[in-house]
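Grab your viewer and work through a few exercises on the structure below. Try each task on your own before reading its solution.

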Amino acid sequence: MTRVPLRPLARILDARAKGENPDAIECENLRQRHDQIRNESRLRSEGRLLVLAGFFLCAFVTVGARMATLSASEAQEPRAQAPGSSIATARADILDRQGRILATNLVTHALYAQPHQMVDPERAADELVRIFPDLKRARLIKDFTGSRKFLWIKKKISPEQKQAVFDIGEPGLLFGPREMRLYPNGKLAAHVLGGASFGREGVSAAEVIGVAGVEKQFDDFLRNPANGGAPLELSIDLTIQDAVERVLYGGMKMMNAKGAAAILMDVHTGEVISVASLPDFDPNNRPRPLTVADKGKDQSDSPLFNRAVQGVYELGSTFKIFTAIQAMDLGLVNPNTVIDTGVPMKISGYRIGEFRNKNYGELSVSDIIVKSSNRGTGRMALQIGSERQQEFLKTLGLLDRTPLEIVEATGSTPLVPKNWGKLSSVTISYGHGISNSPMHLAAAYASIANGGFSVKPTVLKQHHVERGARVMSERSAAAARDMLRKVVTEGTASFGEVEGYLVGGKTGTADKPKPRGGYYDDKVINTFASMFPSDNPKYVLIVTLDEPVETSGTKPRRTAGWTAVPVAATIIERVAPLLGMKPRETRVEPLAATGVTLTSN
Amino acid sequence: MRSLLYILSALAVMGLAYWAYSENYKTQASLDRSHALQGEIGRMQEELAVLRAEWAYLNRPDRLRDLARMNYDKLELNVLEPGQFGRVDQIAFADDDELPEITGAVDVIGDLEE
């Protein structure tokens with residue numbers, strides 16, 4: 001760029017010669033120069049604005065284009081990140097405490113038909129009846145030739161049946177995938193597991209929902225995909241459950257009982273190692289509940305009835321130990337205090353008598369338990385008073401439904417007298433006038449066994465357990481355990497002795513109530529509540545037999561000592577080794593030396 | 001000097017573009033592979049579930065009891081009893097001089113080829 005001088009000499013001289021003002025020339029040149037500068041700067045700023053606008057345009061176009069693609073394209077799962085194992089669609093498995101499968105899923109197929117697509121409905125019906133003999137040919141033909149567009153034929157079919165149906169070659173017969181709940185162990189622990197069935201059904205999938213037991217109680221947990229298929233671990237041990245069920249079944253048959261229940265519980269954690277109720281059912285093929293049509297049958301006759309939890313009955317003399325413990329806790333008596341049980345006892349017009357109108361005379365508290373004296377515990381209950389008695393039974397959990405985690409536990413609410421007066425207080429002291437389930441009894445006996453801490457029965461495997469609140473003093477618990485041991489060694493439960501396991505326990509025989517009031521003479525509920533080994537108990541075992549009768553003698557025997565106790569002893573003998581418990585050496589026998597001599601220097 | 005810089009940077013851009021292009025295709029291929037693998041994992045998990053169910057079914061206590069009874073002659077399996085617990089000193093040591101004779105030994109001496 002050439003710079004124009006403001007006062008070019010030639011023009012100045014020329015202007016002077018003409019007599020013009022030379023300053024005008026300078027002014028003009030200056031103006032031209034300023035114009036030029038202004039033009040240049042405007043051009044530059046316009047250029048900058050243009051570039052800036054370009055940038056903005058690019059930015060907006062990018063955002064706009066992204067929005068357009070997002071709105072126009074199909075949504076897609078991000079493929080780049082691996083889903084891993086965080087989401088599982090199947091219902092979670094149920095395992096026992098050692099990880100063995102109690103319930104799992106199996107893929108199967110459902111068979112459905114779309115009649116309007118059928119080529120030869122009659123042939124299809126014929127072939128289907130041949131594969132599934134339980135189908136009715138006339139019904140199928142009516143369905144296939146009618147106006148229906150869709151119908152289910154079978155909800156679950158096996159792979160072989162699927163192939164056979166496939167071989168018919170009928171385009172109107174179609175399959176939908178199904179997830180089926182399988183209980184590989186059949187009847188084992190049926191009442192705990194409950195069962196499952198289909199909820200909402202579609203062609204491509206169906207909901208599996210729990211209908212009873214833990215399947216229903218933990219339905220949300222089992223179905224929740226966010227758990228990543230984590231299994232539900234129960235406290236039940238498959239081996240022990242099987243042994244208990246088997247022995248109990250044998251015992252039930254041998255004692256001619258119509259039902260039986262057994263509970264084996266860890267006394268420190270409250271874990272239920274085994275809970276059996278007979279008769280039982282197969283959860284793979286759950287029977288229907290009793291309805292109005294089954295006249296003359298009680299709900300307790302159904303195999304679905306869980307006696308261990310729903311069987312709320314008077315448990316009889318097993319309650320006596322609670323009265324003795326409370327009396328000792330309150331300092332009213334000690335195990336050696338003598339109480340006169342020979343004096344006739346009459347409360348509010350009712351005579352309190354002993355079993356078969358015996359008269360035991362003067363007995364120590366310990367002997368009252370061993371001989372199972374009604375009047376003895378009645379006298380203690382009178383000293384305790386009904387309010388304190390209620391309080392104590394409540395802390396033991398005997399007045400509320402059991403917290404066991406199966407839906408049937410809602411049916412375990414104990415029956416207590418409306419007016420808990422003097423008479424109720426006396427009868428409840430020996431277990432009459434209050435109805436509880438065996439599960440309640442197991443938890444209360446576990447408190448005695450573990451040294452006086454409350455126990456919450458649970459069916460889930462516990463990894464860490466807080467010790468419960470203290471409900472009785474350690475001394476009373478220990479004294480009670482001694483008494484229970486004596487019941488077996490010299491009292492009513494002498495058949496309960498299992499060599500090496502120091503069983504302690506209390507029998508209970510209660511008459512069954514009639515549906516319309518009063519009691520049966522020849523129908524009883526026999527209970528044996530036991531713990532072993534009684535010097536440091538680890539497990540509590542409750543055995544209940546419904547309407548047992550022992551007929552080996554000349555007269556039928558119906559006391560717990562003759563029925564429930566031998567069954568419990570057999571269970572302990574069978575189960576204790578499985579629990580890894582070594583028998584104590586009660587007799588010292590010389591061991592045959594086998595060539596080993598211990599020497600010391 | 002400046003033109004050399006331009007040429008070099010242009011070459012670098014082309015090279016990087018080619019690299020990005022090939023990486024993109026490799027990524028796509030890997031995604032396809034992982035997709036296929038996940039499908040396979042799903043199928044195998046299903047298979048595994050069936051096998052576990054079958055294992056549990058074959059090991060159900062009823063069947064094991066029947067098997068134990070059927071094979072009683074050979075195995076003589078009985079239920080566990082309290083009397084089967086013992087003490088360590090009830091177990092006899094094996095006598096030193098009565099070790100069973102070694103039979104059917106195989107000669108394993110040979111040459112190792114380098």
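What follows is a set of exercises on this predicted model, each with a worked solution.

**Exercise 1. Find the domains of chain A and say how they touch.**

Step 1: start with the bounds. The domain assignment splits chain A into domain 1 (94–233) and domain 2 (240–288 + 299–578).

Step 2: look at the spacing. Taken over C-alpha atoms, the centres of domain 1 and domain 2 of chain A are 44 Å apart.

Step 3: count the contacts. Here 20 residues of domain 1 of chain A meet 19 residues of domain 2 of chain A. On the domain 1 side, α6 (190–193), β6 (206–212) and α7 (213–217) of chain A each give two or more residues. That side of domain 1 of chain A breaks down into ten nonpolar, six polar and four charged residues.

**Exercise 2. Describe the side of chain A that touches chain B.**

Step 1: get the numbers. 27 residues of chain A are in contact with 23 residues of chain B.

Step 2: ask which elements are involved. β2 (101–113) and α18 (564–578) of chain A each put at least two residues into the side that touches chain B.

Step 3: sort the residues by type. That side of chain A holds 14 nonpolar, seven polar and six charged residues.

**Exercise 3. Work out the strand order of the five-stranded sheet and pick out its edges.**

Step 1: trace the order. The five strands form an open, antiparallel sheet that runs β9-β8-β18-β17-β16 in chain A.

Step 2: find the edges. β9 (272–278) and β16 (504–513) of chain A each have a single partner strand, so one side of each has no neighbour in the sheet. Between neighbouring strands of this sheet, the average turn is 10 degrees, direction ignored.

Step 3: check the pairings one by one. β16(A) and β17 (residues 519–532) of chain A are antiparallel and joined by nine bridges, and D511(A) stands opposite V524(A) in β17(A). β8(A) pairs with β18(A) over eight bridges, again antiparallel; there I263(A) has I542(A) as its bridge partner. Six bridges tie β8(A) to β9(A) in the antiparallel sense, with A261(A) opposite S277(A). The hairpin of β8(A) and β9(A) has five residues between the strands, and G270(A) in it has a positive phi near 80 degrees.

Step 4: add the helices. α9 (residues 238–254) of chain A lies across β8 (259–266), β9 and β18 (539–546) of chain A, at about 30 degrees to β9(A). α17 (residues 474–490) of chain A packs on the sheet too, touching β16 and β17 of chain A, and its direction makes about 75 degrees with that of β16(A).

**Exercise 4. Decide whether β8(A) is covered on one face or both, then place its residues in the core.**

Step 1: count buried residues. In β8(A), eight of eight residues are buried.

Step 2: split them by face. One side carries G259(A), A261(A), I263(A) and M265(A), the other A260(A), A262(A), L264(A) and D266(A); all are buried, so both faces are covered.

Step 3: turn to the core. The largest nonpolar core has 126 residues, and A262(A) and I263(A) are among those with the most contacts inside it, along with A324(A), V540(A), I571(A) and I572(A). Domain 1 and domain 2 of chain A each contribute at least three residues to this core.

Step 4: follow one member. Neighbours within four places in sequence aside, I572(A) is in contact with V498(A), Y501(A), V503(A), F532(A) and L541(A). A second, separate core of eleven residues includes L111(A), A125(A), L128(A) and V165(A).

**Exercise 5. Hunt down the unusual backbone geometry.**

Step 1: recall the baseline. Most residues other than glycine have a negative phi, and most peptide bonds are trans.

Step 2: list the cis bonds. L278(A) and P279(A) are joined by one, with omega about -5 degrees; P279(A) sits in the loop between β9 and α10 (307–310) of chain A. Another joins F532(A) and P533(A), with omega about -15 degrees, and P533(A) is in the loop between β17 and β18 of chain A.

Step 3: look at positive phi. A189(A) has phi near 55 degrees and lies in the loop between β4 (173–182) and α6 of chain A. E547(A) also has phi near 55 degrees, in the loop between β18 and α18 of chain A.

Step 4: buried or exposed? A189(A) has 31 C-beta neighbours inside 10 Å, so it counts as buried. E547(A) has 19, so E547(A) counts as partly exposed; being buried takes 20 or more.

How values were computed
Residues numbered from 1 in each chain as written. Chains lettered and ligands numbered in written order. Predicted model: local features only at pLDDT ≥ 70, side-chain atom pairs only at ≥ 80, totals over all residues. Contact = placed C-beta atoms within 7 Å. Helix = DSSP H or I, 4+ residues; strand = E, 2+ residues; numbered from the N terminus. Nonpolar A, V, L, I, M, F, W, Y, C, P; charged D, E, K, R; others polar. Domains from an automatic or database assignment. Core = buried A, V, L, I, M, F, W, Y, C linked by C-beta atoms within 7 Å. Buried ≥ 20, exposed ≤ 12 C-beta atoms within 10 Å, placed from the backbone. Pairing = 2+ DSSP bridges. Axes fitted to C-alpha atoms, helices over the stretch in contact; angles between N-to-C directions.
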